[in-house]
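Visitor: I am new to this structure and would like a close look at a single part of it, the aromatic rings and what lies around them. Could you take me through that part slowly, in one connected account?

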Amino acid sequence: MKRCGTASPARRRSESRGFRALILLLLLVIAGAAFVPQRASAQILSAPNEEAYRDSLKRELRYGPFFGFYKDNYFLVGTSTIHKPNAINSDVKFQISLAIRLTNNTLPWNTFLFLMYTQKAFWNVFQESLPMRDLNFNPGIGLSRPFFIEDRYIGKLTLLVEHESNGKDGTESRSWNKVSLAGSALINEWLMVHSKFWIPIVDGQNNRDILRYSGIWQTGFVAYTPSKKLSLGLTLVKRAGWNLNFNTIVDFIWRVSDKTNLNLLVQYYNGYGENMIDYNQFHSRLRVGIVFRPHFFSEF
């Protein structure tokens, strides 16, 4: 049986080159826009009641809440973009991600300590008996410091020790650990950039080459419309090597209403490492569904 998501080397190289060119063009446009002179009255964050919004953000980052979302929590369904859809290459993907603060007040240098847990599932609902293809477990502990200028939030740095595995044994066992440094910064009221670098500790006997597929660092941006109703996110995960080999995630999100945290999400994944069991298999997936987000900013 042909493996899910595989493609011929020539076709894969062609698609990869074309998509990389598109990504580089998007990055140049965003980078150029970030340096366009802004009006003197422009603020890093703006809202109808900016002072109340700023105070609320500052309280949340420095003092709580003590339990809530960490990354986006979503439920998506989709299929391959390079093969005819069938029961093998179509699936449901969902993620649950939570964090809890470990201290009631900030620590020295205005830092705070927290535990995080993310679980990602790939569910083959179109196959007989609806098997769960893979479950990925990602617990960790982090130390984070938000940054403010004149009481305006401008970004955050986080030092994170995390583990990721799929909970299986035998030949299907996959696991690794990372010591990560992550940062995000608000360029202006409609653009946020983020990056994450990690020192890998690969302990899984069946995934010694995981850096070639799941990457060694990542970077990206999230761009918002003035109303914050729509957002476009791009994340590039650099695989090991000196060439331009990236795993690419594009998220298009529409906030349904100001009165709810329900959002509609269209997500495109292109590359390797989407899940642990098939980390070394190429996937190109387009999925749609719903997403619930942290109150202010998601982690990546």
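Guide: In this predicted model, Phe112 counts as buried because its relative accessibility is 7%, a value that falls under the 20% cut-off for buried residues. Phe114 is likewise buried, with a relative accessible area of 5%. Phe112 and Phe114 form an aromatic pair, with 6.1 Å from centre to centre and 45° between the planes, so that the pair is described as tilted. On the face of Phe112 there is a further neighbour, since Arg101 lies over that ring at 4.3 Å from its centre.

Phe112 also belongs to strand 4, which runs over residues 112-123, and the loop between strand 3 (91-101) and this strand holds Trp109. Trp109 is exposed, because its relative accessible area is 70%, and this lies over the 50% that marks an exposed residue. Although Trp109 and Pro146 stand 37 residues apart along the chain, their C-alpha atoms are separated by 9.8 Å.

Beyond the other end of strand 4, the loop that leads to strand 5 (132-149) contains Ser129 as well as Leu130. Most residues other than glycine have a negative phi, yet phi of Ser129 is positive, near 75°, and phi of Leu130 is positive too, near 50°. Ser129 is exposed, with a relative accessible area of 63%, while Leu130, at 43%, is partly exposed.

To return to the rings, a search of the whole structure finds 10 aromatic pairs, and one of the others brings together Trp217 and Phe246, edge-to-face, with 6.2 Å from centre to centre and 85° between the planes. This pair links distant parts of the chain, for Trp217 is in strand 9 (residues 217-224) and Phe246 is in strand 11 (residues 246-255), 29 residues apart. Trp217 is partly exposed, with a relative accessible area of 27%, whereas Phe246 is buried at 17%.

Aromatic residues also gather in a group, as Tyr213, Tyr272, Tyr279 and Phe282 form one aromatic cluster. Finally, a charge over a ring appears again at Trp198, where Lys178 lies over the face of the ring, at 4.4 Å from its centre.

Note on methods
Residues numbered from 1 in each chain as written. Predicted model: local features only at pLDDT ≥ 70, side-chain atom pairs only at ≥ 80, totals over all residues. Heavy atoms only, no water. Helix = DSSP H or I, 4+ residues; strand = E, 2+ residues; numbered from the N terminus. Buried < 20%, exposed > 50% of the residue type's maximum accessible area, 1.4 Å probe, protein only. Phe/Tyr/Trp six-rings, centres within 6.5 Å; stacked < 30°, edge-to-face > 60°. Lys NZ or Arg CZ within 6 Å of the ring centre and 35° of its normal.
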